[in-house]
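Student: I should like to learn how to read the features of a protein model, one at a time. Could we begin once the structure is in view?

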Amino acid sequence: MAWVLKMDEVIESGLVHDFDASLSGIGQELGAGAYSMSDVLALPIFKQEDSSLPPENEPKHPPFQYVMCAATSPAVKLHDETLTYLNQGQSYEIRMLDNRKAGDIPEINGKLVKSIIRVVFHDRRLQYTEHQQLEGWKWNRPGDRLLDLDIPMSVGVIDIKTNPSQLNAVEFLWDPTKCTSAFIQVHCISTEFTPRKHGGEKGVPFRIQVDTFKQTENGEYTDHLHSASCQIKVFKPKGADRKQKTDREKMEKRTAHEKEKYQPSYDTTILTECSPWPDTPTFVNNSPTPAPAFTSAQHSTYSVPDSNSSSPNHQGDGTSQGSGDQLHPSATIQETQQWLLKHRFSTYTRLFSNFSGADLLKLTREDLVQICGPADGIRLYNALKSRSVRPRLTIYVCQEPSRSIQLERQDAGNGDNSNGAIYVYHAIYLEEMAASEVTRKLALAFNIPLHQINQVYRQGPTGIHILVSDQMVQNFQDESCFLFTTIKAENEGFHIILK
(Lines give C-alpha, C1' and ligand atoms only; values in the text may rest on other atoms or scores of the structure.)
Protein backbone atom coordinates (compact mmCIF):
# COMPACT_ATOMS: atom_id res chain seq x y z
CA MET A 1 0.00 0.00 0.00
CA ALA A 2 2.87 2.34 0.88
CA TRP A 3 4.50 1.50 -2.41
CA VAL A 4 1.35 2.53 -4.33
CA LEU A 5 1.20 5.93 -2.54
CA LYS A 6 4.85 6.54 -3.30
CA MET A 7 4.31 5.87 -6.99
CA ASP A 8 1.37 8.36 -7.09
CA GLU A 9 3.55 11.10 -5.65
CA VAL A 10 6.28 10.45 -8.24
CA ILE A 11 3.81 10.56 -11.12
CA GLU A 12 2.19 13.76 -9.82
CA SER A 13 5.54 15.57 -9.44
CA GLY A 14 6.53 14.54 -12.96
CA LEU A 15 3.32 15.92 -14.45
CA VAL A 16 3.75 19.27 -12.68
CA HIS A 17 7.34 19.54 -13.97
CA ASP A 18 6.23 18.81 -17.58
CA PHE A 19 3.37 21.39 -17.33
CA ASP A 20 5.72 24.11 -16.04
CA ALA A 21 8.14 23.38 -18.86
CA SER A 22 5.38 23.65 -21.46
CA LEU A 23 4.46 27.15 -20.22
CA SER A 24 7.99 28.45 -19.96
CA GLY A 25 8.09 29.83 -23.52
CA ILE A 26 4.78 31.78 -23.40
CA GLY A 27 5.23 35.55 -23.42
CA GLN A 28 8.90 35.50 -24.38
CA GLU A 29 8.08 36.89 -27.83
CA LEU A 30 6.43 39.91 -26.20
CA GLY A 31 9.69 40.85 -24.59
CA ALA A 32 11.91 39.87 -21.75
CA GLY A 33 10.09 42.07 -19.31
CA ALA A 34 7.21 41.19 -17.03
CA TYR A 35 3.93 39.96 -18.51
CA SER A 36 1.55 42.87 -19.28
CA MET A 37 -2.21 42.38 -19.91
CA SER A 38 -2.47 45.83 -21.53
CA ASP A 39 -0.09 44.65 -24.26
CA VAL A 40 -2.32 41.68 -24.94
CA LEU A 41 -5.49 43.83 -25.12
CA ALA A 42 -3.69 46.08 -27.61
CA LEU A 43 -3.53 43.29 -30.14
CA PRO A 44 -5.56 43.92 -33.37
CA ILE A 45 -8.05 41.13 -32.67
CA PHE A 46 -9.12 42.72 -29.39
CA LYS A 47 -9.21 46.23 -30.90
CA GLN A 48 -11.61 45.08 -33.65
CA GLU A 49 -13.93 43.36 -31.18
CA ASP A 50 -13.92 46.35 -28.84
CA SER A 51 -14.76 48.82 -31.59
CA SER A 52 -17.96 46.95 -32.39
CA LEU A 53 -19.36 47.50 -28.87
CA PRO A 54 -21.17 50.75 -28.02
CA PRO A 55 -19.46 53.07 -25.54
CA GLU A 56 -20.59 52.34 -22.02
CA ASN A 57 -21.42 55.90 -20.97
CA GLU A 58 -22.85 57.22 -24.25
CA PRO A 59 -26.47 58.30 -23.60
CA LYS A 60 -29.27 57.02 -25.83
CA HIS A 61 -30.40 59.65 -28.31
CA PRO A 62 -34.24 59.83 -28.55
CA PRO A 63 -35.71 60.77 -31.94
CA PHE A 64 -38.18 63.26 -30.44
CA GLN A 65 -38.49 65.48 -27.42
CA TYR A 66 -41.65 66.85 -25.84
CA VAL A 67 -41.51 69.94 -23.65
CA MET A 68 -44.51 71.16 -21.65
CA CYS A 69 -44.52 74.86 -20.87
CA ALA A 70 -45.30 74.58 -17.17
CA ALA A 71 -42.89 75.03 -14.24
CA THR A 72 -41.78 72.05 -12.15
CA SER A 73 -42.20 72.01 -8.40
CA PRO A 74 -39.19 73.04 -6.25
CA ALA A 75 -40.21 70.64 -3.48
CA VAL A 76 -38.99 67.49 -5.23
CA LYS A 77 -35.93 65.63 -3.99
CA LEU A 78 -32.89 65.22 -6.21
CA HIS A 79 -33.36 61.63 -7.33
CA ASP A 80 -37.16 61.74 -7.60
CA GLU A 81 -39.13 62.36 -10.76
CA THR A 82 -40.17 65.94 -11.46
CA LEU A 83 -43.69 67.04 -10.51
CA THR A 84 -45.67 69.72 -12.32
CA TYR A 85 -48.83 71.46 -11.10
CA LEU A 86 -51.58 72.27 -13.64
CA ASN A 87 -54.81 74.23 -13.39
CA GLN A 88 -58.02 72.51 -14.40
CA GLY A 89 -59.21 73.56 -17.87
CA GLN A 90 -56.21 75.81 -18.57
CA SER A 91 -54.38 75.42 -21.88
CA TYR A 92 -50.76 74.26 -21.63
CA GLU A 93 -48.40 74.07 -24.58
CA ILE A 94 -46.53 70.85 -25.40
CA ARG A 95 -43.79 71.50 -27.94
CA MET A 96 -43.19 68.58 -30.29
CA LEU A 97 -39.49 68.71 -31.20
CA ASP A 98 -37.56 66.71 -33.80
CA ASN A 99 -34.45 65.48 -31.97
CA ARG A 100 -33.02 63.18 -34.63
CA LYS A 101 -29.39 63.19 -35.68
CA ALA A 102 -28.48 63.24 -39.35
CA GLY A 103 -29.43 59.90 -40.88
CA ASP A 104 -31.70 58.78 -38.00
CA ILE A 105 -35.01 57.21 -39.07
CA PRO A 106 -34.74 58.42 -42.68
CA GLU A 107 -38.01 56.69 -43.62
CA ILE A 108 -40.06 59.48 -41.97
CA ASN A 109 -38.36 62.29 -43.86
CA GLY A 110 -41.03 64.32 -45.62
CA LYS A 111 -43.78 62.29 -43.98
CA LEU A 112 -46.21 62.81 -41.12
CA VAL A 113 -46.16 60.96 -37.82
CA LYS A 114 -49.00 60.35 -35.43
CA SER A 115 -48.92 61.23 -31.73
CA ILE A 116 -51.43 60.25 -29.06
CA ILE A 117 -51.50 62.42 -25.94
CA ARG A 118 -53.27 60.94 -22.94
CA VAL A 119 -53.70 61.63 -19.25
CA VAL A 120 -53.32 58.45 -17.18
CA PHE A 121 -52.89 57.47 -13.55
CA HIS A 122 -49.43 57.56 -12.00
CA ASP A 123 -50.41 55.23 -9.16
CA ARG A 124 -50.06 51.58 -10.18
CA ARG A 125 -53.05 50.63 -8.03
CA LEU A 126 -55.30 53.04 -9.93
CA GLN A 127 -53.91 51.88 -13.27
CA TYR A 128 -55.30 48.41 -12.60
CA THR A 129 -58.79 49.89 -12.03
CA GLU A 130 -58.54 52.64 -14.65
CA HIS A 131 -61.66 51.56 -16.55
CA GLN A 132 -63.82 51.59 -13.42
CA GLN A 133 -62.34 54.91 -12.27
CA LEU A 134 -63.03 56.60 -15.60
CA GLU A 135 -66.55 55.17 -15.84
CA GLY A 136 -67.31 56.59 -12.40
CA TRP A 137 -65.91 59.97 -13.42
CA LYS A 138 -67.99 59.96 -16.60
CA TRP A 139 -71.14 59.19 -14.62
CA ASN A 140 -70.51 62.19 -12.36
CA ARG A 141 -69.44 64.45 -15.24
CA PRO A 142 -71.61 63.42 -18.23
CA GLY A 143 -70.67 65.06 -21.48
CA ASP A 144 -67.19 66.11 -20.28
CA ARG A 145 -63.78 64.83 -21.33
CA LEU A 146 -60.72 64.31 -19.14
CA LEU A 147 -58.43 65.68 -21.85
CA ASP A 148 -59.07 68.13 -24.67
CA LEU A 149 -56.95 69.76 -27.35
CA ASP A 150 -57.22 73.54 -27.62
CA ILE A 151 -57.41 73.57 -31.41
CA PRO A 152 -57.37 77.36 -32.01
CA MET A 153 -54.13 77.74 -30.06
CA SER A 154 -52.39 74.62 -31.39
CA VAL A 155 -49.92 74.94 -34.25
CA GLY A 156 -48.96 72.36 -36.89
CA VAL A 157 -51.41 69.64 -35.78
CA ILE A 158 -53.42 67.91 -38.53
CA ASP A 159 -56.37 65.52 -38.58
CA ILE A 160 -57.27 65.83 -34.91
CA LYS A 161 -59.38 62.94 -33.64
CA THR A 162 -61.16 62.09 -30.42
CA ASN A 163 -62.99 58.93 -29.45
CA PRO A 164 -66.12 58.87 -27.26
CA SER A 165 -64.83 55.72 -25.58
CA GLN A 166 -61.39 57.27 -24.90
CA LEU A 167 -62.18 60.39 -22.87
CA ASN A 168 -58.58 60.71 -21.69
CA ALA A 169 -56.82 60.76 -25.08
CA VAL A 170 -56.52 62.80 -28.26
CA GLU A 171 -54.55 62.02 -31.39
CA PHE A 172 -53.26 64.04 -34.32
CA LEU A 173 -50.75 64.00 -37.17
CA TRP A 174 -47.77 66.36 -37.41
CA ASP A 175 -44.68 67.02 -39.50
CA PRO A 176 -41.44 66.63 -37.50
CA THR A 177 -39.66 69.13 -39.77
CA LYS A 178 -42.14 71.91 -38.94
CA CYS A 179 -42.85 73.86 -35.76
CA THR A 180 -45.54 71.97 -33.86
CA SER A 181 -47.21 72.81 -30.57
CA ALA A 182 -50.21 71.04 -29.05
CA PHE A 183 -52.14 72.93 -26.36
CA ILE A 184 -53.85 70.55 -23.96
CA GLN A 185 -56.54 71.06 -21.32
CA VAL A 186 -56.97 68.64 -18.42
CA HIS A 187 -60.48 68.72 -16.97
CA CYS A 188 -60.16 66.17 -14.16
CA ILE A 189 -58.66 67.23 -10.83
CA SER A 190 -56.52 65.05 -8.60
CA THR A 191 -58.99 64.98 -5.70
CA GLU A 192 -61.76 63.46 -7.84
CA PHE A 193 -60.11 60.06 -7.53
CA THR A 194 -59.45 60.07 -3.77
CA PRO A 195 -61.83 58.33 -1.36
CA ARG A 196 -62.37 61.60 0.52
CA LYS A 197 -61.80 65.17 -0.60
CA HIS A 198 -58.71 66.38 1.25
CA GLY A 199 -57.85 69.30 -1.03
CA GLY A 200 -55.72 69.51 -4.16
CA GLU A 201 -52.35 68.76 -2.63
CA LYS A 202 -53.59 65.43 -1.27
CA GLY A 203 -54.97 64.33 -4.61
CA VAL A 204 -53.61 61.52 -6.73
CA PRO A 205 -50.90 62.29 -9.31
CA PHE A 206 -51.50 61.79 -13.03
CA ARG A 207 -49.16 61.34 -15.97
CA ILE A 208 -49.16 63.12 -19.31
CA GLN A 209 -47.88 60.61 -21.86
CA VAL A 210 -47.10 61.11 -25.55
CA ASP A 211 -46.78 58.10 -27.87
CA THR A 212 -45.56 58.67 -31.43
CA PHE A 213 -45.95 56.29 -34.38
CA LYS A 214 -44.91 56.18 -38.01
CA GLN A 215 -46.93 54.95 -40.94
CA THR A 216 -46.68 51.33 -42.02
CA GLU A 217 -46.85 49.98 -45.55
CA ASN A 218 -50.61 49.51 -45.30
CA GLY A 219 -51.09 53.18 -44.39
CA GLU A 220 -51.82 52.76 -40.68
CA TYR A 221 -49.88 54.59 -37.98
CA THR A 222 -49.02 51.63 -35.77
CA ASP A 223 -45.22 51.41 -35.93
CA HIS A 224 -44.04 52.77 -32.57
CA LEU A 225 -41.21 55.33 -32.61
CA HIS A 226 -41.02 57.01 -29.22
CA SER A 227 -42.85 57.53 -25.92
CA ALA A 228 -42.30 59.99 -23.09
CA SER A 229 -44.25 61.14 -20.03
CA CYS A 230 -44.16 63.36 -16.96
CA GLN A 231 -45.86 63.43 -13.57
CA ILE A 232 -48.53 66.07 -12.87
CA LYS A 233 -51.13 67.07 -10.33
CA VAL A 234 -54.24 68.97 -11.38
CA PHE A 235 -55.91 71.59 -9.20
CA LYS A 236 -59.02 73.70 -9.47
CA PRO A 237 -58.48 76.99 -11.37
CA LYS A 238 -55.57 79.01 -9.89
CA GLY A 239 -54.93 76.23 -7.35
CA ALA A 240 -51.72 75.19 -9.12
CA ASP A 241 -50.34 78.73 -8.84
CA ARG A 242 -51.06 78.80 -5.11
CA LYS A 243 -49.47 75.37 -4.60
CA GLN A 244 -46.36 76.42 -6.54
CA LYS A 245 -46.07 79.56 -4.41
CA THR A 246 -46.49 77.53 -1.20
CA ASP A 247 -43.72 75.10 -2.24
CA ARG A 248 -41.41 77.97 -3.13
CA GLU A 249 -41.96 79.67 0.23
CA LYS A 250 -41.30 76.41 2.08
CA MET A 251 -38.02 75.94 0.24
CA GLU A 252 -36.94 79.50 1.02
CA LYS A 253 -37.25 78.73 4.74
CA ARG A 254 -34.94 75.72 4.50
CA THR A 255 -31.23 75.95 5.20
CA ALA A 256 -28.67 75.88 2.39
CA HIS A 257 -27.66 72.33 3.36
CA GLU A 258 -31.29 71.13 3.15
CA LYS A 259 -31.82 72.87 -0.19
CA GLU A 260 -29.04 70.79 -1.70
CA LYS A 261 -31.25 67.71 -1.35
CA TYR A 262 -33.93 69.17 -3.63
CA GLN A 263 -34.17 69.86 -7.35
CA PRO A 264 -34.39 73.44 -8.58
CA SER A 265 -37.63 74.56 -10.20
CA TYR A 266 -37.45 74.74 -14.00
CA ASP A 267 -39.65 76.94 -16.19
CA THR A 268 -40.57 74.01 -18.44
CA THR A 269 -41.16 70.30 -17.96
CA ILE A 270 -39.28 67.86 -20.19
CA LEU A 271 -41.12 64.58 -20.69
CA THR A 272 -38.80 61.64 -20.01
CA GLU A 273 -38.66 58.48 -22.09
CA CYS A 274 -40.90 55.60 -21.07
CA SER A 275 -42.51 52.47 -22.42
CA PRO A 276 -45.42 52.88 -24.86
CA TRP A 277 -48.86 52.80 -23.34
CA PRO A 278 -50.25 49.25 -23.64
CA ASP A 279 -53.05 48.40 -26.04
CA THR A 280 -52.77 51.68 -27.88
CA PRO A 281 -56.11 52.11 -29.68
CA THR A 282 -56.51 53.17 -33.26
CA PHE A 283 -59.40 55.61 -33.31
CA VAL A 284 -62.13 54.63 -35.68
CA ASN A 285 -63.35 58.16 -36.28
CA ASN A 286 -61.92 58.87 -39.71
CA SER A 287 -63.15 62.47 -39.95
CA PRO A 288 -61.48 65.29 -38.04
CA THR A 289 -63.60 66.69 -35.28
CA PRO A 290 -64.25 70.44 -35.46
CA ALA A 291 -63.95 70.87 -31.73
CA PRO A 292 -62.60 68.86 -28.83
CA ALA A 293 -65.74 67.31 -27.59
CA PHE A 294 -67.67 64.08 -27.83
CA THR A 295 -67.58 62.78 -31.36
CA SER A 296 -71.01 62.28 -32.84
CA ALA A 297 -72.18 58.74 -33.40
CA GLN A 298 -72.33 57.24 -36.85
CA HIS A 299 -74.95 58.80 -39.13
CA SER A 300 -78.31 57.46 -38.05
CA THR A 301 -80.91 56.23 -40.50
CA TYR A 302 -83.70 57.51 -38.33
CA SER A 303 -85.41 60.55 -39.83
CA VAL A 304 -86.13 63.71 -37.90
CA PRO A 305 -89.80 64.78 -37.86
CA ASP A 306 -90.60 67.39 -40.50
CA SER A 307 -91.09 70.84 -39.03
CA ASN A 308 -93.35 71.93 -41.91
CA SER A 309 -96.48 70.65 -40.22
CA SER A 310 -99.21 73.07 -39.22
CA SER A 311 -98.12 72.51 -35.64
CA PRO A 312 -95.05 70.42 -34.83
CA ASN A 313 -96.21 70.03 -31.26
CA HIS A 314 -99.97 69.65 -31.66
CA GLN A 315 -102.32 67.29 -33.46
CA GLY A 316 -104.25 70.09 -35.10
CA ASP A 317 -105.93 68.31 -37.97
CA GLY A 318 -106.50 65.03 -36.26
CA THR A 319 -103.38 63.60 -37.91
CA SER A 320 -100.58 62.36 -35.72
CA GLN A 321 -97.42 64.39 -35.77
CA GLY A 322 -95.36 61.25 -35.47
CA SER A 323 -96.42 58.93 -32.67
CA GLY A 324 -92.80 57.75 -32.55
CA ASP A 325 -91.85 61.02 -30.83
CA GLN A 326 -93.27 59.64 -27.59
CA LEU A 327 -91.09 57.16 -25.72
CA HIS A 328 -93.34 54.38 -24.45
CA PRO A 329 -92.69 52.46 -21.21
CA SER A 330 -92.75 49.22 -23.21
CA ALA A 331 -89.84 50.35 -25.40
CA THR A 332 -86.93 47.90 -25.47
CA ILE A 333 -83.32 48.87 -24.86
CA GLN A 334 -82.69 49.03 -28.61
CA GLU A 335 -85.79 51.17 -29.21
CA THR A 336 -84.72 53.48 -26.40
CA GLN A 337 -81.30 53.91 -28.02
CA GLN A 338 -83.01 54.73 -31.33
CA TRP A 339 -85.24 57.28 -29.60
CA LEU A 340 -82.21 58.98 -28.02
CA LEU A 341 -80.44 59.19 -31.39
CA LYS A 342 -83.56 60.52 -33.10
CA HIS A 343 -83.93 63.31 -30.54
CA ARG A 344 -80.26 64.41 -30.69
CA PHE A 345 -79.11 62.75 -27.46
CA SER A 346 -76.40 60.64 -29.13
CA THR A 347 -73.89 61.82 -26.51
CA TYR A 348 -75.76 59.87 -23.84
CA THR A 349 -76.52 56.65 -25.71
CA ARG A 350 -73.55 54.92 -24.07
CA LEU A 351 -74.55 56.26 -20.66
CA PHE A 352 -78.09 54.86 -21.04
CA SER A 353 -76.98 51.71 -22.89
CA ASN A 354 -78.84 49.42 -20.44
CA PHE A 355 -81.97 51.56 -20.00
CA SER A 356 -85.35 50.49 -21.35
CA GLY A 357 -88.18 52.96 -21.95
CA ALA A 358 -89.61 52.32 -18.50
CA ASP A 359 -86.20 52.85 -16.86
CA LEU A 360 -85.70 56.19 -18.59
CA LEU A 361 -89.23 57.41 -17.85
CA LYS A 362 -88.79 56.68 -14.14
CA LEU A 363 -86.00 59.27 -13.87
CA THR A 364 -87.07 62.55 -12.32
CA ARG A 365 -86.17 65.98 -13.58
CA GLU A 366 -83.55 66.28 -10.82
CA ASP A 367 -82.04 62.91 -11.80
CA LEU A 368 -81.68 63.94 -15.44
CA VAL A 369 -80.17 67.32 -14.55
CA GLN A 370 -77.62 65.62 -12.32
CA ILE A 371 -76.73 63.03 -14.98
CA CYS A 372 -76.79 65.17 -18.13
CA GLY A 373 -76.22 68.66 -16.78
CA PRO A 374 -78.78 71.50 -16.62
CA ALA A 375 -79.17 72.20 -20.36
CA ASP A 376 -79.43 68.64 -21.74
CA GLY A 377 -81.11 67.36 -18.59
CA ILE A 378 -84.06 69.75 -18.93
CA ARG A 379 -84.24 69.13 -22.69
CA LEU A 380 -84.32 65.36 -22.15
CA TYR A 381 -86.95 65.69 -19.43
CA ASN A 382 -89.20 67.77 -21.70
CA ALA A 383 -88.72 65.30 -24.55
CA LEU A 384 -89.62 62.36 -22.31
CA LYS A 385 -92.73 64.12 -21.01
CA SER A 386 -93.65 65.33 -24.53
CA ARG A 387 -93.67 68.93 -23.41
CA SER A 388 -94.65 71.09 -26.36
CA VAL A 389 -93.49 74.59 -27.16
CA ARG A 390 -96.41 76.92 -26.59
CA PRO A 391 -97.35 78.66 -29.87
CA ARG A 392 -97.18 82.43 -29.96
CA LEU A 393 -100.64 82.70 -31.57
CA THR A 394 -103.56 80.36 -32.24
CA ILE A 395 -106.27 81.08 -34.80
CA TYR A 396 -109.20 78.99 -36.00
CA VAL A 397 -109.95 78.88 -39.74
CA CYS A 398 -112.83 77.37 -41.68
CA GLN A 399 -113.54 77.08 -45.38
CA GLU A 400 -116.89 78.19 -46.79
CA PRO A 401 -119.85 75.92 -45.90
CA SER A 402 -120.05 74.30 -49.30
CA ARG A 403 -116.56 72.83 -48.81
CA SER A 404 -116.84 71.92 -45.15
CA ILE A 405 -116.95 68.43 -43.73
CA GLN A 406 -120.19 68.02 -41.83
CA LEU A 407 -119.19 66.89 -38.38
CA GLU A 408 -121.01 69.17 -35.94
CA ARG A 409 -123.62 71.86 -36.08
CA GLN A 410 -122.73 75.35 -35.12
CA ASP A 411 -125.87 77.21 -34.09
CA ALA A 412 -124.25 80.54 -33.32
CA GLY A 413 -120.85 82.20 -33.52
CA ASN A 414 -118.59 84.29 -35.69
CA GLY A 415 -119.24 82.17 -38.73
CA ASP A 416 -123.04 81.87 -38.33
CA ASN A 417 -125.02 82.89 -41.43
CA SER A 418 -128.34 82.06 -39.67
CA ASN A 419 -129.03 79.39 -42.28
CA GLY A 420 -128.12 76.34 -40.18
CA ALA A 421 -124.90 75.74 -42.10
CA ILE A 422 -122.33 73.40 -40.61
CA TYR A 423 -118.77 74.66 -40.13
CA VAL A 424 -115.58 72.78 -39.35
CA TYR A 425 -112.66 74.84 -38.03
CA HIS A 426 -109.00 73.93 -38.11
CA ALA A 427 -106.61 75.11 -35.43
CA ILE A 428 -103.59 76.96 -36.83
CA TYR A 429 -100.67 77.36 -34.42
CA LEU A 430 -98.21 80.11 -35.30
CA GLU A 431 -94.67 79.91 -33.95
CA GLU A 432 -93.77 83.10 -35.85
CA MET A 433 -95.88 86.24 -36.00
CA ALA A 434 -95.44 86.69 -39.75
CA ALA A 435 -97.69 86.75 -42.80
CA SER A 436 -95.56 84.08 -44.50
CA GLU A 437 -96.17 81.78 -41.52
CA VAL A 438 -99.96 82.23 -41.92
CA THR A 439 -99.74 81.41 -45.64
CA ARG A 440 -97.63 78.32 -45.03
CA LYS A 441 -99.81 76.96 -42.25
CA LEU A 442 -103.01 77.53 -44.28
CA ALA A 443 -101.54 75.63 -47.20
CA LEU A 444 -100.60 72.71 -44.93
CA ALA A 445 -103.91 72.64 -43.06
CA PHE A 446 -106.08 72.61 -46.19
CA ASN A 447 -103.77 70.72 -48.58
CA ILE A 448 -103.30 73.68 -50.89
CA PRO A 449 -100.09 73.87 -52.96
CA LEU A 450 -98.12 76.71 -51.44
CA HIS A 451 -96.84 78.00 -54.76
CA GLN A 452 -100.43 78.55 -55.99
CA ILE A 453 -101.26 81.04 -53.23
CA ASN A 454 -100.48 84.52 -54.49
CA GLN A 455 -101.75 86.75 -51.68
CA VAL A 456 -103.71 86.48 -48.43
CA TYR A 457 -106.21 89.25 -47.74
CA ARG A 458 -108.47 90.07 -44.80
CA GLN A 459 -111.95 91.36 -45.53
CA GLY A 460 -112.40 94.77 -43.94
CA PRO A 461 -115.28 97.24 -43.53
CA THR A 462 -117.65 97.53 -46.49
CA GLY A 463 -116.09 94.37 -47.95
CA ILE A 464 -112.69 95.86 -48.82
CA HIS A 465 -109.69 93.51 -49.12
CA ILE A 466 -106.73 94.36 -46.85
CA LEU A 467 -103.36 92.73 -47.52
CA VAL A 468 -102.30 90.58 -44.56
CA SER A 469 -98.90 91.88 -43.38
CA ASP A 470 -96.58 90.98 -40.51
CA GLN A 471 -97.91 93.92 -38.53
CA MET A 472 -101.50 92.79 -39.03
CA VAL A 473 -100.62 89.28 -37.83
CA GLN A 474 -98.94 90.72 -34.74
CA ASN A 475 -102.24 92.46 -33.92
CA PHE A 476 -104.43 89.36 -34.32
CA GLN A 477 -106.21 88.45 -31.12
CA ASP A 478 -105.37 85.00 -29.81
CA GLU A 479 -107.93 82.34 -30.75
CA SER A 480 -109.57 84.50 -33.40
CA CYS A 481 -111.96 82.76 -35.81
CA PHE A 482 -111.93 83.25 -39.58
CA LEU A 483 -113.86 82.01 -42.59
CA PHE A 484 -111.86 81.96 -45.77
CA THR A 485 -112.68 81.77 -49.41
CA THR A 486 -110.57 81.72 -52.56
CA ILE A 487 -110.78 83.83 -55.67
CA LYS A 488 -108.93 83.18 -58.90
CA ALA A 489 -106.00 85.47 -59.54
CA GLU A 490 -105.48 87.26 -62.85
CA ASN A 491 -102.49 85.10 -63.54
CA GLU A 492 -102.00 81.53 -62.36
CA GLY A 493 -103.00 80.67 -58.79
CA PHE A 494 -105.51 82.31 -56.50
CA HIS A 495 -105.91 84.62 -53.51
CA ILE A 496 -107.19 83.69 -50.04
CA ILE A 497 -109.60 86.03 -48.32
CA LEU A 498 -110.09 85.80 -44.54
CA LYS A 499 -113.51 86.99 -43.31
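Student: What percentage of the contacts in the chain with a separation of 6 or more is accounted for by residues 24 or more positions apart?

Tutor: Please keep in mind that this is a predicted model. Among contacts with a separation of 6 or more, 69% join residues that lie 24 or more positions apart. The chain has 499 residues, of which 40% count as buried. Its secondary structure consists of 13 helices and 18 strands.

Student: How should strand pairing be read, and which strand is joined to β2 by five bridges?

Tutor: The general idea is that strands of a sheet pair through backbone hydrogen bonds, in either a parallel or an antiparallel sense. Here, β2 and β10, the latter covering residues 221-235, run parallel and are joined by five bridges. One of the pairs can be located by residue: N87 has F235 of β10 as its bridge partner.

Student: Are the two faces of β2 covered or open?

Tutor: In a regular strand, side chains alternate between the two faces of the sheet. For β2, L83, Y85 and N87 lie on one side, T84 and L86 lie on the other, and every one of these residues is buried. The strand spans residues 83-87, and the count of buried residues is five of five.

Student: Is T222 buried, partly exposed or exposed?

Tutor: T222 belongs to strand β10. T222 counts as partly exposed because its relative accessibility of 40% falls between the cut-offs of 20% and 50%. The C-alpha atom of T222 is separated by 10.0 Å from that of V113, although the two residues are 109 positions apart along the chain.

Student: Which strands pair with β18, and in which sense?

Tutor: β18 has a parallel partner in β15, residues 453-459, with four bridges between them. An antiparallel partner is β17, residues 480-488, with five bridges to β18. At the level of residues, R458 is opposite L498 of β18, and T485 is opposite I497 of β18.

Student: How many residues lie between β17 and β18 in their hairpin?

Tutor: Five residues lie between the two strands of this hairpin, and G493 in the turn has a positive phi of about 95 degrees. The side chains of β18 can then be followed by direction: F494, I496 and L498 point one way, H495 and I497 point the other way, and all are buried. Strand β18, residues 494-498, is thus described as mostly covered, with five of its five residues buried.

Student: Which elements do the buried residues of α12 pack against?

Tutor: They pack against β13 (393-399), β14 (426-430), β15, α13 (470-474) and β18. Helix α12 itself covers residues 435-445 and is mostly covered, with eight of its 11 residues buried. Among the buried ones are A435, V438, L442 and A445, and the list also includes E437 and K441. After α12 comes N447, which has a positive phi near 55 degrees.

Student: What is the order of the strands in the open sheet of five strands?

Tutor: The order is β5-β8-β3-β1-β11, and the pairing is antiparallel. The edge strands are β5 (147-149) and β11 (269-270), each of which pairs on one side only. Within this sheet, β1 (residues 64-68) and β3 (residues 91-98) are joined by five bridges, and Y66 has M96 of β3 as its bridge partner.

Student: How many cavities of 30 Å³ or more does a search of the whole structure find?

Tutor: The search finds one. The largest cavity has a volume of about 40 Å³, and its lining consists of V119, V120, F121, E130, L134, L146, N168 and F206. Two elements, β4 (113-121) and α5 (130-140), give two or more residues to this lining. The largest share, three residues, comes from β4. By class, the lining has six nonpolar residues, one polar and one charged.

Student: How many disulfides does a search of the whole structure find?

Tutor: A disulfide is a covalent bond between the sulfur atoms of two cysteines. In this structure the search finds zero disulfides. Accessibility can still be read for individual cysteines: C188 is buried, with a relative accessible area of 0%, whereas C179 counts as exposed because its relative accessibility is 63%.

How values were computed:
Residues numbered from 1 in each chain as written. Predicted model: local features only at pLDDT ≥ 70, side-chain atom pairs only at ≥ 80, totals over all residues. Heavy atoms only, no water. 1 Å grid on protein atoms, 1.4 Å probe; cavity = no way out; pocket = protein on both sides within 12 Å on 5 of 7 lines; lining within 4 Å. Points joined across faces, edges and corners; volume = space filled by probe spheres on them. Nonpolar A, V, L, I, M, F, W, Y, C, P; charged D, E, K, R; others polar. Disulfide = S-S within 2.5 Å. Buried < 20%, exposed > 50% of the residue type's maximum accessible area, 1.4 Å probe, protein only. Pairing = 2+ DSSP bridges. Contact = heavy atoms within 4.5 Å.
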